[in-house]
Amino acid sequence: MKRGWVLTGVFFLLVAYVAYAFYSTRNASWRTANRQSANISPKPSAFSDAIVQVFYARTFGWRGKFAVHSWIAYKEKNASDYVVTEVLGWRKFRQMPVVSVEIGEPDRIWFDNVPVVLQELRGPKAERAIEDIKNAIQTYSYPNEYILWPGPNSNSYIAHLIRSTRDLTVELPANAIGKDRLMGKRLWDWSQTGKGIQFSLAGLFGVTLGLHEGVEINVLTLCFGVDLLRPAIKLPFVGRLGIKDK
């Protein structure tokens with residue numbers, strides 16, 4: 001009986017949060033949203049070394065109350081521009097590959113939402129990481145597919161790149177819906193940081209155990225976890241609460 005009341009309470013809280021998400025963003029327009037540089041990344045003209053940056057930001061509109069969008073930007077040694085790689089769902093509707101690898105602003109504000117740098121590499125480590133990233137782009141299993149929930153989506157793609165890049169040692173936050181979608185028909189793989197193991201059933205249900213990840217449980221893409229190495233809790237919609245992941 002008590003369990004039923006708890007589940008009912010959780011359900012109504014979720015409904016209330018969804019209503020709040022829609023109401024609070026009802027006047028948002030992607031046409032007028034800020035997409036300028038957040039002035040986080042070094043300017044290529046002032047920085048000759050290679051650099052890799054992993055970003056995430058709240059998504060646009062009501063979805064931003066629930067999830068984040070992630071991308072990776074890199075600049076090769078002595079290059080005059082950054083390359084930004086990400087998955088963009090709108091490209092599918094134009095019969096284009098959803099994977100985008102283009103010259104652009106690395107730290108662009110994501111439709112009014114200032115990005116967060118999850119990890120940054122410079123110098124020789126960045127040079128090696130760039131080669132790994134280029135190779136991982138070619139091995140992504142869903143270059144023409146995009147499913148908002150449960151993936152594959154932008155976070156599935158960036159999680160794959162992180163997992164495939166030796167010097168990237170972070171994980172996407174708990175509110176990066178789609179991050180637990182493994183490639184192809186895999187049920188098991190190394191965790192994103194490479195220091196643990198992950199089980200996932202098409203991104204809908206799963207468990208991750210790792211030195212850096214701690215313990216994560218994924219239920220219908222809602223991720224709950226505890227990081228013991230850098231004390232923090234991980235919650236859906238919220239992300240990470242505690243010491244910063246690095």
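Two strands count as paired here if DSSP finds at least two bridges between them. With that in hand, here's a quick look at a predicted model, mostly around strand S8, which covers residues 205-210. S8 pairs with S7 in the antiparallel sense, and S8 also runs antiparallel to S9. There's a short stop at Lys125 in helix H2 too.

**S8 and its two faces**
- One face of S8 is covered, and that's where you'll find Gly206, Thr208 and Gly210.
- Phe205, Val207 and Leu209 sit on the uncovered face of S8.

**The S7 side**
- S7 takes in residues 196-201, and six bridges tie it to S8.
- Thr208, from the covered face of S8, has Gln198 standing opposite.
- Three residues lie between S7 and S8 in a hairpin.
- Look for Ala202 in that turn: its phi is positive, at about 55 degrees.

**The S9 side**
- S9 spans residues 214-219 and is joined to S8 by six bridges.
- Leu209, on the uncovered face of S8, has Val215 in S9 as its bridge partner.
- S8 connects to S9 by a hairpin, with three residues making the link.

**Lys125 in helix H2**
- H2 runs over residues 124-138, and Lys125 is part of it.
- Lys125 counts as exposed because its relative accessibility is 52%, and the cut-off for exposed is over 50%.
- Val52 is 73 residues from Lys125 in sequence, yet their C-alpha atoms are 8.9 Å apart in space.

Technical notes: Residues numbered from 1 in each chain as written. Predicted model: local features only at pLDDT ≥ 70, side-chain atom pairs only at ≥ 80, totals over all residues. Heavy atoms only, no water. Buried < 20%, exposed > 50% of the residue type's maximum accessible area, 1.4 Å probe, protein only. Helix = DSSP H or I, 4+ residues; strand = E, 2+ residues; numbered from the N terminus.
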